[in-house]
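Trainee: I'd like a close look at one part of this model, the pocket side of things. Please take me through whatever sits around it in one go.

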Amino acid sequence: MVKKKRLRLIAEMARKIRAYRELKSRPRDSQKFALDYETMRRPLTGKMLPVLAWQDVRRESRLFSLLAGMRMFGVGRLFTRKSWLEDHTEPSYWQITKVKVDYTSENMDHGKAWGILTYKGKQEGEVKEVDKVMYHDWRLVPKHMEQQLKDFEPLPEPPVRYTPYPPLLRAMMLAQHKKSLGSVLAEEPALPLKRDIVLNKDYFRKQEQEEQRTEGTAV
């Protein structure tokens, strides 16, 4: 008969208390991401921001710095990032659906946000948490431009024409190329998915004739 494990109530309660105290002792986002704009250091860790980010820190805004001054904390509005505007021609933005504000922060400019991401004109179907909310490169999409971004239709992706060779076949091809030419293949070998030749009897007959011409006929 299997002996039942005795439930130690006091030990279980002590474990929960330790976990709760550990959770409460963790620094909040308002403490973790606080920034001294004169020295460009985080007071909690003492780390300095990269020099390349100083200009954006002084000119751009964090997401919750924008949400804190808006009605209903910006739920339903579109927000984009400066880096997306510079790197992509297709519209990329977040549509905010839910906001959880850290009310212990001084200006209520910290917390978590959820929304639907549209990246390079392709909208994702599920709501997920907005990442990198502490970055100083968030911008609010003006109201008159929202419909223009939503109506954007991305171009269809080009069909895949090549695929990598299987590992064993790839290793054999690279070894054969190095043995025959004495050098390493510069480009990665790729297997074409579409052939423009007709696989009929004449094609295979020509292949056999070429092999016999290169190897010679057996005596």
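Mentor: Here's the tour, from the pockets out to the salt bridges and strands around them.

Keep in mind that this is a predicted model: local features need pLDDT of at least 70, side-chain atom pairs count only at pLDDT 80 or more, and totals for chains, interfaces and linings use all residues. Residues are numbered from 1 along each chain as its sequence is written, and side-chain values use heavy atoms, with hydrogens and water left out.

The largest pocket holds about 670 Å³ of space. It is lined by 24 residues, and P27, R28, D29, D102 and K112 are the closest to its centre. A pocket here is an open set of points on a 1 Å grid over the protein atoms alone where a 1.4 Å probe fits, with protein on both sides within 12 Å along at least five of seven lines; lining residues have an atom within 4 Å of a point. The points are joined across faces, edges and corners, and the volume is the space filled by probe spheres set on them.

Who builds the wall? Helices α1 (9-25) and α2 (29-32) and strands β2 (93-101) and β3 (111-119) each put at least two residues into the lining of the largest pocket. The largest share comes from α1, with three residues. These labels are DSSP runs numbered from the N terminus: H or I with at least four residues for a helix, E with at least two for a strand. In this lining, 13 residues are charged, nine nonpolar and two polar. (Charged is Asp, Glu, Lys and Arg; nonpolar is Ala, Val, Leu, Ile, Met, Phe, Trp, Tyr, Cys and Pro; polar is the others, Gly among them.)

Two of those central residues pair up: R28 and D102 make a salt bridge, with 3.5 Å between the closest N and O atoms. R28 is in the loop between α1 and α2 and D102 in the loop between β2 and β3, so this pair ties together parts 74 residues apart in sequence. (A salt bridge needs a side-chain nitrogen of Lys or Arg within 4 Å of a carboxyl oxygen of Asp or Glu.) D102 is buried at a relative accessible area of 10%, while R28 is partly exposed at 41%. Buried means under 20%, exposed over 50%, and partly exposed in between, using a 1.4 Å probe and protein chains only. The whole structure has eleven salt bridges.

Now for the neighbouring strands. β2 and β3, both contributors to the wall, run antiparallel with eight bridges between them; I96, for one, stands opposite G115 in β3. On the β1 (78-81) side, two bridges join β1 to β2, again antiparallel. L78 has Q95 as its bridge partner in β2, and F79 stands opposite W94. (Strands pair if DSSP finds at least two bridges between them.) β1 also runs antiparallel to β6 (138-140), with three bridges, and there R81 stands opposite W138. In a regular strand the side chains alternate between the two faces of the sheet. In β1 both faces are covered: L78 and T80 on one side, F79 and R81 on the other, all of them buried.

The second largest pocket has about 300 Å³ of space. A53, D56, V57, Y135 and H136 are the closest to its centre, out of 14 lining residues. α3 (54-59) and α5 (82-87) each supply at least two residues of this lining, and α5 gives the most, with three. Six of the lining residues are nonpolar, six charged and two polar.

Staying on α5, the side chains of K82 and E86 form a salt bridge, 3.9 Å from N to O. Both lie in that helix, four residues apart, about one turn. K82 is buried at 18%, whereas E86 is exposed at 56%. For a second pair within a helix, D202 and R205 meet at 2.8 Å, N to O. They sit three residues apart in α8 (201-215), about one helical turn. Here D202 is partly exposed at 44%, and so is R205, at 42%. Back at the second pocket, salt bridges with shared partners link D56, K82 and E86 into one network.
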